[in-house]
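Reader: Hi! Could you walk me through this one in plain words?
Author: Happy to, let's look at it together.

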Amino acid sequence: METIEVRICSGTTCFVMGSSFLNELYDLIPQKYGDKVIVKPSLCLGQCSSDDKHSKAPYVKVDGEVISSATIEKVLLAIEKKVGENE
Ligand code: FES
């Protein structure tokens, strides 16, 4: 099974838009998925470059799929879907 990579944006826009509440994922993901899923911070994921997209920060990538207005629930749901596809 391939490892799923989760990148949590730690860029300025996402930080200002509240990405710090996603820090809980750094504990939750390893507890829930072990080494099947790795989670790392990322510099700006390049999603906030237009005014239109600012309102959809914070951003997270799950195996390359962009999650906008990311919440813990949305990220866990996206991981669950990827885990299901990889099994
Ligand atoms: S700061 Fe998060 S996508 Fe740019």
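Author: Let's start with one pair: Arg 7 stands opposite Lys 61 in β3. The model is predicted, so to speak of local features pLDDT of at least 70 is needed, side-chain atom pairs count only at pLDDT 80 or more, and totals for chains, interfaces and linings use all residues. Residues are numbered from 1 along each chain as its sequence is written, and side-chain values use heavy atoms, leaving out hydrogens and water.

Reader: Cool! In which sense do β1 and β3 pair?
Author: β1 (residues 4-9) and β3 (residues 60-62) pair in the antiparallel sense, over three bridges. Two strands pair if DSSP finds at least two bridges between them; strands are DSSP runs of E, at least two residues, and helices are runs of H or I, at least four, numbered from the N terminus.

Reader: And what's the order of the strands in the sheet?
Author: The open sheet has four strands in the order β2-β1-β3-β4, with mixed pairing. β2 (37-42) and β4 (65-67) stand at the edges with a single partner strand each, so one side of each has no neighbour in the sheet.

Reader: Which strands does α4 lie across?
Author: Helix α4 (residues 72-86) lies across β1, β2, β3 and β4, at about 160° to β1. Angles run from 0 to 180 degrees between N-to-C directions, with axes fitted to C-alpha atoms, for helices over the stretch in contact.

Reader: New topic: is Ser 19 buried or exposed?
Author: Ser 19 counts as buried because its relative accessibility is 5%; buried means under 20% relative accessible area, exposed over 50%, partly exposed in between (1.4 Å probe, protein chains only).

Reader: What does Ser 19 touch?
Author: Not counting residues up to four places away in sequence, Ser 19 touches Cys 9, Cys 14 and Pro 58, where contact means heavy atoms within 4.5 Å.
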